[in-house]
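Colleague: Got a minute to go through this one with me? I'd like to start with a loop and then move on to the domains.

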Amino acid sequence: MKKFPKLNFGEKMRAKFLTFALLIAVSFAFSQGRINFVEYDLPNGLHVILHEDHSAPIVAVDIWYYVGSKNEDPNRTGFAHLFEHMMFQGSANVKKAEHMAYIQKAGGTFNGSTNWDRTNYFQVVPSNQLELVLWLESDRMMSLNVNQENLDNQREVVKEERRWRVDNRPYGTQWENTFKRLFKVHPYRWPVIGYMEHLNAATLDEVKRFFETYYVPNNAVLVIAGDIDIEKTKKLVEKYFGDIPRGKYEIKRPNIVEPPMTSQVRDTIYDNVRLPAVFIAFRIPKDGERDYYALDLLSNILGSGKSSRLYQKLVYEKRIAQNVNVFTIGMEDAGVFKIDAYCAIGHTPEEVEKEIWNEIEKVKNELVEEKELQKAKNQTEMQTISSYQSVLQKADQLAHYYVIHKNTDEINHELAKILSITREEIRDAVVKYLKPENSVVLYYLPKEQRASK
């Protein structure tokens, strides 16, 4: 692996924040045109996407590995998320925690994330520090320090994170309790963060094999967006990634088809909570399908903000709920439509659930109003435009469309598809998917209620 040349950090540039006026200009430019990019493959299989944007002297480097929790062994869950932490533990030419120190010293920011379908690592730095980031990313791709000490340290970090985010947080288990009932055979059934017993049982050989299988150039997409010169950047990519060999193990993709639900799943969870809550979830089509877009628009109509139908009905009019949210989750193999409602003091999940189903039935029997749909489309359009107001956001979206949609140029077409959804399509999607036999209903009740029964 090539050594990175010593940098003169005294001459480094610091990233500048975009002004409000520039944000408006970027929004207008996107609404009037398209996001241009160049994409190609290196001989070792690394997919590269480059986007040139000189609006600010910064650059985002966002590398996606096509591995998420769904690629894990059912008896060794949590590995993908574990590597979100392991990847900062040093490599052949970078000591433990030095990756972060290099980026901070260069005036940049960094982070990583994991979900069901992919893991990514991203940095935003002044554009004259691009070569630094490419060196850092290539070094850990080729030579990450996967040793017993790092495994033991980061395993404990992840276990503590699980305690904080899931086990000891009110309603913290509702996500995994929902997903393991929605999915019986597909790998989406286990949590991204993994189960404690699997993290405890993980061996160094198992973790090494996972890294050597998935964290390889032929299972990655490298997106560079910002103040770059395309041809010069291609040369830098070749310099730092071109000599990394392809992975030596077969990359297996889950091809499990989840059978349709035929009956409603209901359960009651007694938790360390003060207020009862009801969580209703439906299995819906995957991200990118027209029915997914239709239901995503409906989620805005039903539960996005205080003017939404369910918020008005449950919180303001009936006063039986303290809060309600409706949203969709788009994944590569499936989608989830989810309604979360937290009861007001003195009211029960049964009361709240009844009103939710009543509102769903209204959508089946009466088309949503044109002004409601237009408002939802306006919200979606604004959210889409806002998501392209920074080079990091654009880099992330370019990677998303390549990995999840299998078509990078979908970044320039998806919004038009969403805006073409009709009221009739929303009604038909609700009839097809938002039905009791395709749902999971969970009641969360205070622990003391179980003790009193």
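**Loops, domains and salt bridges**

Modeller: Tyrosine 171 sits in the loop between helix H5 (148–167) and H6. Helices (H or I, at least four residues) and strands (E, at least two) are DSSP runs, numbered from the N terminus. This is a predicted model: local features need pLDDT of at least 70, side-chain atom pairs count only at pLDDT 80 or more, and totals for chains, interfaces and linings use all residues. Residues are numbered from 1 along each chain as its sequence is written, and side-chain values use heavy atoms, with hydrogens and water left out.

Colleague: Is tyrosine 171 buried or exposed?

Modeller: Tyrosine 171 counts as buried, at 16% relative accessibility. Buried means under 20% relative accessible area, exposed over 50%, partly exposed in between (1.4 Å probe, protein chains only).

Colleague: And what is the phi of tyrosine 171?

Modeller: Positive, about 60°, although tyrosine 171 is not a glycine. Most residues other than glycine have a negative phi. Lysine 406 also has a positive phi, near 65°. Lysine 406 lies in the loop between helix H14 (391–403) and helix H15 (414–419). With a relative accessible area of 48%, lysine 406 is partly exposed.

Colleague: Switching to domains. Where are the bounds of domain 1 and domain 2?

Modeller: Domain 1 is 38–242 and domain 2 is 265–452. These bounds come from an automatic or database domain assignment. The C-alpha centres of the two domains lie 29 Å apart.

Colleague: How many residues of domain 1 are in contact with domain 2?

Modeller: 36 residues of domain 1, with 38 residues of domain 2 on the other side. Contact means heavy atoms within 4.5 Å.

Colleague: What area is buried between domain 1 and domain 2?

Modeller: About 3,200 Å², with carbon and sulfur atoms giving 70% of it. Buried area is the accessible area (1.4 Å probe) that two parts lose on being put together, summed over both. In domain 1, Tyr171, Arg181 and Leu182 lose the most area to domain 2, together 23% of what that side buries.

Colleague: How many salt bridges are there between domain 1 and domain 2?

Modeller: Four. A salt bridge is a side-chain nitrogen of Lys or Arg within 4 Å of a carboxyl oxygen of Asp or Glu. Aspartate 267 pairs with arginine 181 in a salt bridge, with the closest N and O atoms 2.7 Å apart. There are also 22 residue pairs in polar contact between the domains, both residues at pLDDT 80 or more. A polar contact is a pair of N or O atoms within 3.5 Å; within protein, one must be able to donate a hydrogen and the other to accept it, and residues adjacent in sequence count only if both atoms are side-chain atoms.

Colleague: Which elements give two or more residues to the side of domain 1 that touches domain 2?

Modeller: Strand S2 (47–52), strand S3 (58–65), strand S5 (119–126), helix H6 (174–182) and strand S6 (220–226). H6 gives the most, with seven residues.

Colleague: Asparagine 177 is in H6. Which residues does asparagine 177 touch?

Modeller: Ile269, Leu442 and Tyr444, not counting residues up to four places away in sequence. The side chains of asparagine 177 and tyrosine 444 make a polar contact at 2.9 Å. Asparagine 177 counts as buried, at 9% relative accessibility.

Colleague: Now the whole structure. How many salt bridges does a search find?

Modeller: 33. In one of these salt bridges, glutamate 176 pairs with arginine 162, with the closest N and O atoms 3.0 Å apart. Glutamate 176 is in helix H6 and arginine 162 in helix H5, so the pair ties together parts 14 residues apart in sequence. Both residues are buried.

Colleague: What about glutamate 355, which residue does that one form a salt bridge with?

Modeller: Lysine 318, with the closest N and O atoms 3.9 Å apart. Glutamate 355 is in helix H12, and lysine 318 is in the loop between helix H11 (309–317) and strand S9 (321–330), 37 residues apart. Glutamate 355 is buried, with a relative accessible area of 14%. Lysine 318 counts as partly exposed, at 39% relative accessibility.
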